[in-house]
Amino acid sequence: MFQVHLFYIQLEGIEVGWRSGIRRSRREYPEIPKIDFLWMNVMPDLRDLERKFNGTADFNPYRPPLSFAMLTYFPDNPSNYILAHGSSGTYNSMLRIQKRYNFAYHSTGDVDSDLVNGRIQTFSSYPGAIFSGDDYYQVRSITGETLTIVGTELKNHNQSTWNYDDIETEYPVSIWSQ
């Protein structure tokens, strides 16, 4: 539950930063409700829920995948490798910024506990989002090693398998009740 709390701390920081920037700009902008900062950060989960409840009118199971990853390594030294990752979408969805977080998170809620290894995270993302929209992260450890994490989208186009998914027990209630 501590990690869920950290999610909300990051979300609150984004909201506070945005509101502070608006005040500094001395310009008029429409008010953004607090809940909209949450909606912006749960979009990937909403796509799956939309598929579960068959809410997509333009559902096309034959659309090509929107991302790919390829890895090859050198047999003489497996720690040397080449990684390729691609993501596609509409032009406006590809406008992202590079982010670098340096968290001083502890392994527990106790400030005397050890710092979490992998505290420096680098990824591309949308402004206002706390996740990578294209599933490419680099995480640096306390000792300097870098772990690269990539992912590709896995879509479930078999509507009958969604019957085994129970939204009441498998999705965090705290996210929806805020």
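This is a short walk through the strands of a predicted model and one buried serine.

Okay, some housekeeping. Numbering starts from 1 along each chain as its sequence is written. Since the model is predicted, local features need pLDDT of at least 70, side-chain atom pairs count only at pLDDT 80 or more, and totals for chains, interfaces and linings use all residues, while side-chain values use heavy atoms, with hydrogens and water left out.

Let's start with E1, residues 67-74, and E2, residues 77-87. They pair in the antiparallel sense over eight bridges, and a hairpin of two residues links them. By strands I mean DSSP runs of at least two residues, numbered from the N terminus; two of them pair if DSSP finds at least two bridges between them. One bridge to look for puts threonine 72 opposite isoleucine 82 in E2.

Next, the open sheet. Its four strands come in the order E3-E4-E5-E6, with antiparallel pairing. E3 (97-102) and E6 (146-150) are the edges, each pairing on one side only.

Now zoom in on E4 and E5, which are joined by four bridges. Threonine 122 has glutamine 138 in E5 as its bridge partner.

So what sits in the loop between E4 (120-125) and E5 (136-140)? Serine 132 does. Is serine 132 buried or exposed? It's buried, at a relative accessible area of 2%, where buried means under 20%, exposed over 50% and partly exposed in between, with a 1.4 Å probe and protein chains only. Leaving aside neighbours within four places in sequence, serine 132 is in contact (heavy atoms within 4.5 Å) with Phe123, Ser124, Ser125 and Tyr137.
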